[in-house]
Every structure is written in structure tokens, then in C-alpha cells.
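Here's a walk through a protein fold, from its charged pairs to its core. Keep the viewer open as you read.

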Amino acid sequence: AFGGAPASLAMAMDAAACASSLYVLGLPPDVTDEQVQNVFMPMGQMVEGRAMPSRPGSGEPSAIVRFSSPEEAKKVVGLVESLGGFVGAGLQAPISVRPVDP
């Protein structure tokens, strides 16, 4: 569930928040909330950006970014895909984003 996000996230988000949120992978190991916000603020009307520590076994940090509407979240997915995941903002490697499914 939740596009690969941790199951505990399901408990913390209602359906409306899920529809406006994206799950982000491909972030550097030391990513902070502030860095996540700096990446996504210019892309759309971001409400919240939160870095999540690596899950045991995956070794890959992730983030959840919530936008003002599902339409804003879709717009950002399209933008990131059009850039091949290379969004700049200090990130050297490509990122991937996908909707957080309820």
C-alpha cells in the first residue's frame, strides 16, 4: 500500500492527504526535511515535505511531499518525469516520485 511507503504511513494519512501526496525515492542518505522542501517548493504549491530515514533492508532514504491538491501532485510527477528525475537543487542523482495510494 501507499506506493511502497511504509505501512505505518497508512495510519497517519487520510484519503485526501494521500491523494495530494507523493512518495520520493533516490534521495541522498543524509537528506533533511529542509532539503526536501527546497527541492519541491519551486515545483508546486507544497504543503509539507518530510524526509524519512532508511527502512531496514532497503538502505534508501525516502520522503513524503504533500501538495495543495491532487492536481498539483500530478503536475509535479509530470515535471519530474520530464526531467528524467534530474531535478537539480543540489541533488546529483535522479529521483523518482509516485503518488501515495490510499
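How many salt bridges does the count come to? Taking a salt bridge as a side-chain nitrogen of Lys or Arg within 4 Å of a carboxyl oxygen of Asp or Glu, the count is two. Before we look at them, note that this is a predicted model, where local features need pLDDT of at least 70 and side-chain atom pairs count only at pLDDT 80 or more, while totals for chains, interfaces and linings use all residues. Residues are numbered from 1 along each chain as its sequence is written, and side-chain values use heavy atoms, with hydrogens and water left out.

Start with R66 and E48, whose closest N and O atoms are 3.6 Å apart. R66 sits in strand 3 and E48 in strand 2, so this salt bridge ties together parts that are 18 residues apart in sequence. R66 has 28% relative accessibility and counts as partly exposed, and E48, at 33%, is also partly exposed. (Buried means under 20% relative accessible area, exposed over 50%, and partly exposed in between, with a 1.4 Å probe and protein chains only.) The other pair is K75 with E72, at 3.5 Å between the closest N and O atoms. Both lie in helix 4, three residues apart, about one turn of the helix. Here K75 is partly exposed at 45%, whereas E72 is buried at 14%.

Now step back to the overall layout. The protein has four helices and four strands, running α-α-β-α-β-β-α-β from the N terminus. Helices (H or I, at least four residues) and strands (E, at least two) are DSSP runs, numbered from the N terminus. Of the 102 residues, 42% count as buried.

Next, find helix 3, residues 33-40, where V36, V39 and F40 are buried. Looking down the helix axis, the buried residues fall within an arc of 85° (taken from the directions from the axis to the C-beta atoms), so they line one face of helix 3. They pack against strands 1, 2, 3 and 4 as well as helix 4.

That brings us to the largest nonpolar core, a set of buried Ala, Val, Leu, Ile, Met, Phe, Trp, Tyr and Cys residues joined through side-chain atoms within 4.5 Å. Among its 21 residues, V36, F40 and F67 are included in those touching the most other members. Helix 4 gives this core its largest share, four residues. Try clicking on F67: beyond its neighbours within four places in sequence, its contacts (heavy atoms within 4.5 Å) include F40, M46 and E72.
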